[in-house]
Amino acid sequence: MPKTSQPPPGPSQPPDIPSGGRWLPHGYHLDPHSHDHGQLVYAAAGTLATTTERGTWVAPANRMTWTPPGFAHSHRFYGRTDARLLTIPIGLCGELVDRPSVFAVGPLLREAVLALTDERPEVRPGAHRRLLAVVIDELYDTPEQSLHLPESGDDRLRTVTDLLHADPARPASLAELGRVAGASERTLSRLFHTEFGMSFHRWRTTLRIHHALGHLTNGMSVTDTAMACGWSNPSSFIDAFNSVVGQTSGRYQASLHTGRVLP
């Protein structure tokens, strides 16, 4: 497990953190920064959100965020988080996608990342390098499973998304939101598809799932989370959560206590 004796640095401290792990408190954040190297961040327990100019990516304990070199990004952690940061040397970054992404974490990838961030001594020369090659191979063959919430520079679309960020449970229709934004329902629907590559319904569902992950990680019940995030009943929330995250909300919450991804 990562060391617990040293407190995390303050959010304003330059977060030039090498590969390693540490426990971070609920709500801890790192301000926008960038690296000359690539970075993988994995919440072995808890949930993390990585934000860039292209939007926000959320990674529960069955996913891992990837940020290529040069991308300004910030991190926020939900629940007491076993945060693992793995530096990818610039020479290996070309093996991975050239944009921020989220990848599924299988058993081999998980154990390799935990081993590389546990600060274990290198018993045999080159062992860490070989294990890092395993991580790259696993990511190369792993499909992206992005809980990506894109953002737009269009003022009309930004007005709508800002309203929903402020209140994810807001039941307003796209037409009602359009009256506030000064755009027709048809125009906004087109903008969601052209700017985000997804429908309004999909974007709002993803936003609500982002908030739901934070609530569940912080100990809120599944029923209360469903109501807080805008679902009319727990069943519809569970179905939506499972379709986006890949496991039920109850199983996800149970995994937070075990520190393991449950099948």
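**View 1. Q39 and its partner H35.** The side chains of Q39 and H35 meet in a polar contact at 3.3 Å. A polar contact here is a pair of N or O atoms within 3.5 Å; within protein, one must be able to donate a hydrogen and the other to accept it, and residues adjacent in sequence count only if both atoms are side-chain atoms. Q39 sits in strand β3, residues 38-52. Strands (E, at least two residues) and helices (H or I, at least four) are DSSP runs, numbered from the N terminus. With a relative accessibility of 2%, Q39 counts as buried. The cut-offs are simple: buried is under 20% relative accessible area, exposed is over 50%, and partly exposed is in between, using a 1.4 Å probe and protein chains only.

A quick note on what you're looking at: this is a predicted model, where local features need pLDDT of at least 70 and side-chain atom pairs count only at pLDDT 80 or more, while totals for chains, interfaces and linings use all residues. Residues are numbered from 1 along each chain as its sequence is written, and side-chain values use heavy atoms, with hydrogens and water left out.

**View 2. S101 in strand β7.** Have a look at S101, which belongs to β7, residues 101-104. S101 is buried, at a relative accessible area of 1%. A polar atom of the S101 side chain lies 3.1 Å from the backbone oxygen of R99.

**View 3. Helix α9 and its two sides.** This close-up follows α9, which runs over residues 234-245. Its twelve residues should span 16 Å at 1.5 Å a residue, and the end C-alpha atoms are indeed 16 Å apart. That expected span is 1.5 Å times one less than the number of residues. Which residues of α9 are buried? They are F237, A240, F241, V244 and V245. These residues cover an arc of only 110 degrees around the axis, so they fall on the same side of α9. The arc is taken from the directions that run from the helix axis to the C-beta atoms. An α-helix has 3.6 residues a turn, so residues three or four places apart point the same way. Turn to the other side of α9 and you find D239 and S243, both exposed.

**View 4. The two ends of α9.** At the N-terminal end, N233 caps α9, with a side-chain oxygen 3.2 Å from the backbone nitrogen of S235. Just after α9 comes G246, which takes a positive phi of about 95 degrees.

**View 5. Helix α7, mostly tucked away.** α7 covers residues 200-217. From first C-alpha to last, the 18 residues of α7 reach 26 Å, close to the 26 Å expected at 1.5 Å a residue. Because 14 of those 18 residues are buried, α7 is largely enclosed by the rest of the structure. One residue to find in α7 is R204, which counts as buried at 14% relative accessibility. R204 and A169 are 35 residues apart in sequence, yet their C-alpha atoms are 9.3 Å apart in space. After α7 comes G219, with a positive phi near 100 degrees.

**View 6. Where α4 packs with α7.** Helix α4 (residues 155-166) packs with α7 at an angle of about 30 degrees, and the two axes are 10 Å apart. That makes α4 roughly parallel to α7, a label for angles under 35 degrees; over 145 is roughly antiparallel, 65 to 115 roughly perpendicular and the rest oblique. Axes are lines fitted to C-alpha atoms, for helices over the stretch in contact, with angles from 0 to 180 degrees between N-to-C directions. α4 passes α7 in a right-handed crossing, meaning that the near helix is turned clockwise from the far one by less than a right angle, whereas anticlockwise would be left-handed.

**View 7. P25, in a loop.** P25 is found in the loop between β1 (20-24) and β2 (29-33). P25 counts as partly exposed, at 42% relative accessibility. P25 and G79 are 54 residues apart along the chain, with their C-alpha atoms separated by 6.6 Å.

**View 8. A254 in helix α10.** A254 lies in α10, residues 249-258, and counts as partly exposed at 31% relative accessibility. A254 and L216 are 38 residues apart in sequence and 9.8 Å apart in space, C-alpha to C-alpha.
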